[in-house]
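This report examines one helix and one sheet of the structure shown below. The placement of residues on the helix is treated before the arrangement of the strands.

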Amino acid sequence: MALTFQTLSEFLSHGHDTVIDVRSPAEYAEDHVPGAINLPVLDNEERAEVGTIYVQESPFRARKIGAAMVFRNAATHIEQRLSHHDGSWKPLVYCWRGGQRSGSFTWMLSQIGWRAEVVQGGYQSYRRLVHAALYEAELSHRLILLDGLTGTAKTEILQQVAAMGGQVLDLEGLAGHRGSLLGEMPGGQPSQKRFESYIACALARMDPARPALVEAEASKIGARILPPSLWEAMKAAPRIDLEVPFAARCAYLVEAYDDILSDADHLREKLGPLREHRSGAVVEDWFKLIAAGDKPALVARLMADHYDPAYRKARSRYAVSTQRQIALPGLSTSDRMQAAARVLEVMAAL
């Protein structure tokens, strides 16, 4: 049976035991339905081979060779990855557009006796729902931005708010990037499609009647672009501004960015292009501190010379309708927990 979903929330509430993506590993890696496992009926090389035969020789020969590959791979999955399921198992299967790959695999599962169903339109139908949520409609959620200069521990406080029961959208976590020039994280960033999937599905699972806290970001986080509906809602959202002493911010950054600060070659590579914006002399002074291994002095200079001026300039571009300040004496664990509790209070009042 082919299932059709009208909204992303409906898709995410599919009610099946397992979602199976039978596309190639490369297709799956770019983006997939949340929670789906990858059981490719054609791997990357096989898919390319069948496609070449389809174009260069004949569609019939491509389908014949492809069918043999599909059923051979499907049999392997049934013998290995799926052998532990009992007769009541109910999987939901999809491929690129709900055609031969998913149809063949679903048929085989059904013949065994499993209650398998296929997604009408495959991944493309899911992608259309994500696109509609982020590009074709205004965001229905009430956002509140957590703002503050670089080094105010916004991400940690945001996560603490979530741990205390607040509704939170962690964009840096979803983007796999800390949002600054030196913000790379292990594992790299997801594709743009995957990033949008993360956002759309996170929003679909939220209660629109409750405010959602979002860290104030630029329109790009690393190489990933915020979808227009989210970006417009963020620009218009009220803000909670964290105020932290300069010395406390610097001390926090030295600890939080120790991995980046310990890689001198990478630091120079990243900071070198700023000669066009902060002058060659300023960057050379940074390089001297890198060579000396003086992390606290380097962070203080980077903050004073680059990060604080850049942040203030970016923030001045947008009018803020409502803004509340939360002043912190420092950024210890206790300070951050108190800040999160205060943020929750302000969120309830806005």
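## Exposed and buried sides of α3

In this predicted model, E45, V55 and Q56 of helix α3 are exposed. They lie on the other side of the helix from E46, V50 and I53, which are buried. Viewed down the axis of α3, the buried residues fall within an arc of 60 degrees, so they line one face of the helix. An α-helix has 3.6 residues a turn, so residues three or four places apart point the same way. Helix α4 (59–79) is included in what covers the buried residues of α3.

## Length and N-terminal cap of α3

Helix α3 comprises 13 residues, 44–56. The distance from its first C-alpha to its last is 18 Å, close to the 18 Å expected at 1.5 Å a residue.

The N-terminal end of α3 is capped by D43. A side-chain oxygen of D43 lies 3.1 Å from the backbone nitrogen of E45.

## The open sheet

Five strands form an open sheet with parallel pairing, in the order β7-β8-β6-β11-β12. Its edge strands, β7 (168–169) and β12 (323–327), each pair on one side only. Strand β11 (residues 239–243) pairs with β12 in the parallel sense over 5 bridges, and I240 stands opposite R324 in β12.

## Helices packed on the sheet

Helix α7 (residues 154–163) packs on the sheet and touches β6 (143–148), β7, β8 (212–215) and β11. The direction of α7 makes about 165 degrees with that of β8.

Helix α16 (residues 295–315) lies across β6 and β11. It runs at about 150 degrees to β6.

Notes: Residues numbered from 1 in each chain as written. Predicted model: local features only at pLDDT ≥ 70, side-chain atom pairs only at ≥ 80, totals over all residues. Heavy atoms only, no water. Helix = DSSP H or I, 4+ residues; strand = E, 2+ residues; numbered from the N terminus. Expected span 1.5 Å × (residues − 1). Buried < 20%, exposed > 50% of the residue type's maximum accessible area, 1.4 Å probe, protein only. Arc of directions from axis to C-beta. Contact = heavy atoms within 4.5 Å. Polar contact = N/O pair within 3.5 Å; in protein donor to acceptor, adjacent residues only side chain to side chain. Pairing = 2+ DSSP bridges. Axes fitted to C-alpha atoms, helices over the stretch in contact; angles between N-to-C directions.
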